[in-house]
Amino acid sequence: DLVANIIFYDEYFTPVEIETHLYGIDDQSNNGMEVVLSIQTHLNNNRQFYTDDNGLLVLKREINKREGYDFRNYEEVAGNYFPITSAIYIEDTKNDERLLLMNDRAQGGSSINNGEVEIMINRKTIRDDTKGVEEILKEIDPETGKGIEVFTTHYVFYEKASDNHRSQRLQQIIIDNPLYVTLISHNNEQQITKTVESLNKCNVFETFNKNLDDLTKLFVRSYHDKEVIIRIQNMNQDEEKNMDIDNIINKQMVYDMIFGKRQDNNNNKNIEWSEKQLTTVQNRSEMFANRMKWTKDYEIGAVSYTHLTLPTIYSVQISVVAVSLKKKNIK
């Protein structure tokens with residue numbers, strides 16, 4: 001009576017989709033409780049698994065081990081749980097098999113037992129677990145007075161370990177960009193027709209050159225009166241799939257799409273672009289020029305940040321670009 005699962009499976013379509021409805025953890029119980037989705041397989045993953053880092057880089061995890069220091073774990077479960085932003089998977093490289101589990105929200109997960117993947121749906125504690133929150137975990141629905149209900153969806157892929165994670169990244173784009181339905185009064189039919197005609201004249205896909213593939217996430221918005229912000233995310237895990245920003249963006253088309261009037265037809269002389277930091281408050285070059293240097297030999301050390309100022313988006317990386325009129329042309 002606590003959890004209901006609905007599993008959608010089609011032999012011609014992957015992944016397997018699992019919808020979970022957690023009706024709420026009993027608040028009257030004097031015991032703590034953790035509700036997890038667990039998938040057991042025959043894979044031999046040698047106590048190793050992989051999780052994503054904020055939906056981008058993939059990090060290798062190993063039970064009761066940490067890279068770079070002698071790790072002593074006194075809590076088998078809690079000490080091996082990691083944040084899962086979009087995906088967790090295990091691999092049996094000997095048999096070229098991979099089990100990939102993706103979620104629709106950030107959760108915690110692990111592979112405590114060999115061949116098993118688990119991900120936390122919800123939990124309740126009756127006392128502070130000394131993990132930093134400094135309070136008990138007991139979320140109550142104010143309307144019902146019972147534990148909160150949780151609706152969540154997970155996606156399961158069974159594929160070859162040698163695959164290039166294309167299915168994972170495509171599914172991530174689908175999850176991050178759901179279909180939105182907008183209802184508009186029929187009284188605005190004339191305005192809708194004008195809007196559609198306007199969009200057809202300035203197709204958003206014409207804004208970008210043919211160098212993009214379907215593993216690229218794009219967000220375009222007006223930032224200031226004479227400036228457009230473009231956020232580009234390279235979802236490819238193939239390290240050779242880098243993208244040159246200057247070859248991707250048709251700066252004139254971006255400006256026309258937002259402001260509706262071509263300012264210059266001669267090599268975009270009035271248009272310029274600059275790479276911003278992710279918060280868009282300053283240019284990325286300024287950020288790296290002003291960042292704190294911890295040691296005197298920082299700039300000549302093993303790690304170089306020079307490439308980050310160039311107009312290239314590397315594998316599983318995000319870049320934010322501002323397209324604007326040159327200041328001397330702004331009226």
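**Contacts and overall make-up**

I began with the contacts of the chain, and among those between residues at least 6 apart in sequence I found that 66% join residues at least 24 apart. The model I was reading is a predicted one, and I kept that in mind for each entry below. I then looked up the secondary structure, where the chain has 5 helices and 17 strands, and the burial, where 37% of the 331 residues count as buried.

**The four-stranded sheet**

I turned next to an open sheet of 4 strands, which run in the order β12-β13-β17-β15 with antiparallel pairing. I noted that β12 (216-224) and β15 (271-276) stand at the edges with a single partner strand each, so one side of each is left without a neighbour in the sheet. For the twist I read an average turn of 25° between neighbouring strands of this sheet, with direction ignored.

I followed the pairings from one edge to the other. β12 pairs with β13 (residues 227-234) in the antiparallel sense over 8 bridges, and the two strands form a hairpin with 2 residues between them. Within this pair I located Leu-218 opposite Ile-232 of β13, and Phe-219 opposite Arg-231 of β13. β13 and β17 are also antiparallel, over 8 bridges, and here I found Val-228 opposite Val-323 of β17. At the other edge, β15 and β17 pair in the antiparallel sense over 6 bridges, with Leu-325 in β17 as the bridge partner of Ile-271.

**Burial of β17**

How many residues of β17 are buried? I counted through residues 317-325 and recorded 9 of the 9 as buried. I then separated the two faces of the strand and found both covered: Gln-317, Ser-319, Val-321, Val-323 and Leu-325 lie on one side, Ile-318, Val-320, Ala-322 and Ser-324 lie on the other, and all are buried.

**Thr-280**

I looked up Thr-280 because its contacts include Val-320, and I wanted its burial as well: at 9% relative accessibility, under the 20% cut-off, Thr-280 counts as buried. Thr-280 sits in the loop between β15 and α5 (284-290). Leaving aside residues up to four places away in sequence, I listed its contacts as Tyr-223, Ile-229 and Val-320.

**Ser-38**

I placed Ser-38 in strand β3 (residues 33-40). Is Ser-38 buried or partly exposed? Its relative accessibility is 27%, which lies between the 20% and 50% limits, so I entered Ser-38 as partly exposed. With residues up to four places away in sequence not counted, Ser-38 touches Glu-116, Val-117 and Glu-118. I also checked Ser-38 against Ser-111, which is 73 residues away along the chain, and read a separation of 9.3 Å between their C-alpha atoms.

**Cavity**

My last entry concerns internal space, for which I found 1 cavity of 30 Å³ or more. The volume of the largest cavity is about 80 Å³. I listed 11 lining residues for the largest cavity, and those that lie nearest its centre are Ile-25, Lys-124, Lys-138, Glu-139 and Gly-147. Which classes make up the lining of the largest cavity? I recorded 4 nonpolar, 2 polar and 5 charged residues.

Technical notes. Residues numbered from 1 in each chain as written. Predicted model: local features only at pLDDT ≥ 70, side-chain atom pairs only at ≥ 80, totals over all residues. Heavy atoms only, no water. 1 Å grid on protein atoms, 1.4 Å probe; cavity = no way out; pocket = protein on both sides within 12 Å on 5 of 7 lines; lining within 4 Å. Points joined across faces, edges and corners; volume = space filled by probe spheres on them. Nonpolar A, V, L, I, M, F, W, Y, C, P; charged D, E, K, R; others polar. Pairing = 2+ DSSP bridges. Axes fitted to C-alpha atoms, helices over the stretch in contact; angles between N-to-C directions. Buried < 20%, exposed > 50% of the residue type's maximum accessible area, 1.4 Å probe, protein only. Contact = heavy atoms within 4.5 Å.
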